[in-house]
Amino acid sequence: MNMKTFISCLALTLAPFGGGFAYAGAAETPVTSVGSAVVSTVSVTDWSGFYAGVSYGFVQDSMASYQNGAFGGNLFVGGDSFGGFAGYNFQRANFVYGAELGYTAGPFAAREGFHTLTTQDYLDLKLRLGYSMGKVLFYGFAGYSTATFYEDSVAPATTIDGLNYGVGVDYQITERIFAGVEYVARDLSGEFDQTDFPNWTFEGPSSSVNLRVGFSF
């Protein structure tokens, strides 16, 4: 599945919620008459507390390799992804903030010449800040990511890491169940196994688009 096809699938999946967004906002805006004045009270969805869920998406890595600082070539790895996440939200009025840990399994492999490149086991620690509007939570985040990388099955795996950032939106289906879409960008770098590939390093972007379903405790 390529990125364009996946995004199209997400749009079709979330299409039924489109009308729900507008309806939820209208339904949660009671109007109270006080004397001759009309007061509009907008209720705020409670997102606070622990939550956890599963995700399905698409990962794409595009990294540049270097030997002794000289450019050696581009490395492209990607594929469909499965994972999970857990976190905790604090809330003050409409503002929601907290921390989340996400996991994406893999492996994602690609053949480059005589070598097979593989990444797997992504861990994303994210600090989130969002704004609740009716049943919808819009949020952004930044944090730190790690992943496992190796070239060929005979080379020991190494760890790549770097900063992450992104945006997302969640929709509260019921009081406890929510669904959403999230985009994660990572700036990763690391070294090849220095025994088999001495003086080789790599760096570059990794990105994910995920469809998420979660449960609030």
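Me: How many aromatic pairs does the structure hold?
Reply: This is a predicted model, and ring pairs are a handy place to start. Going through it, the count of aromatic pairs comes to 14.

Me: What kind of pair do phenylalanine 50 and tyrosine 88 make?
Reply: Their ring centres sit 4.5 Å apart. The planes meet at 75°, and planes over 60 degrees apart fall in one class. So this pair is edge-to-face.

Me: How many residues apart in sequence are the parts that this pair ties together?
Reply: Phenylalanine 50 belongs to strand β3 (residues 49–67). Tyrosine 88 belongs to strand β4 (residues 70–92), so the pair links parts whose separation in sequence is 38 residues.

Me: Is phenylalanine 50 buried or exposed?
Reply: Its relative accessibility is 55%. The cut-off for that upper class is over 50%, so phenylalanine 50 counts as exposed.

Me: And how does tyrosine 88 count?
Reply: Tyrosine 88 has 31% relative accessibility. Buried would need under 20%, and the upper class needs over 50%. That puts tyrosine 88 in between, so it counts as partly exposed.

Me: Which strands do phenylalanine 95 and tyrosine 131 tie together?
Reply: The two rings have their centres 5.2 Å apart and their planes at 75°, so they form an edge-to-face pair. In sequence, the parts they join are 36 residues apart. Phenylalanine 95 sits in one strand and tyrosine 131 in the other, so the strands are β5 and β7 (residues 115–133).

Me: What is the relative accessibility of tyrosine 131?
Reply: Its partner, phenylalanine 95, is partly exposed with a relative accessible area of 47%. Tyrosine 131 also counts as partly exposed, and its value is 35%.

Me: Which residue has its charged end over the ring of phenylalanine 85?
Reply: Phenylalanine 85 is part of a cluster that ring pairs build with Trp47, Tyr51 and Phe178. A charged end sits 3.9 Å from the centre of the phenylalanine 85 ring, and it belongs to arginine 212.

Me: Which ring does lysine 126 lie over?
Reply: Lysine 126 is placed over a ring face, at 5.0 Å from the ring centre. The ring is that of phenylalanine 141.

Me: Which element gives the most to the lining of the largest cavity?
Reply: The whole structure has three cavities of 30 Å³ or more, and the largest holds about 80 Å³ of space. Its lining has 13 residues, and those closest to the centre are Ser55, Gly102, Lys126, Glu182 and Asn210. Elements giving two or more residues are β4, β5, β7, β10 (177–191) and β11 (200–216). With four residues, the top contributor is β5.

Me: Where in the protein chain is confidence lowest?
Reply: The mean pLDDT of the protein chain is 82, with 78% of its residues at 70 or more. The pLDDT stays under 50 over residues 13–34, though the model has 27 contacts for them beyond four places in sequence. Where pLDDT is low, the predicted coordinates should not be read in detail. Strand β5 (residues 95–104) is highest at 97, while the lowest mean, 44, goes to helix α1 (residues 3–27).

Me: What share of the residues of the protein chain count as buried?
Reply: The protein chain has one helix and eleven strands. Among contacts with a separation of 6 or more, 61% come from residues 24 or more positions apart. Of the 217 residues, the buried share is 41%.

Methods: Residues numbered from 1 in each chain as written. Predicted model: local features only at pLDDT ≥ 70, side-chain atom pairs only at ≥ 80, totals over all residues. Heavy atoms only, no water. pLDDT = per-residue confidence, 0-100. Contact = heavy atoms within 4.5 Å. Phe/Tyr/Trp six-rings, centres within 6.5 Å; stacked < 30°, edge-to-face > 60°. Buried < 20%, exposed > 50% of the residue type's maximum accessible area, 1.4 Å probe, protein only. Lys NZ or Arg CZ within 6 Å of the ring centre and 35° of its normal. 1 Å grid on protein atoms, 1.4 Å probe; cavity = no way out; pocket = protein on both sides within 12 Å on 5 of 7 lines; lining within 4 Å. Points joined across faces, edges and corners; volume = space filled by probe spheres on them.
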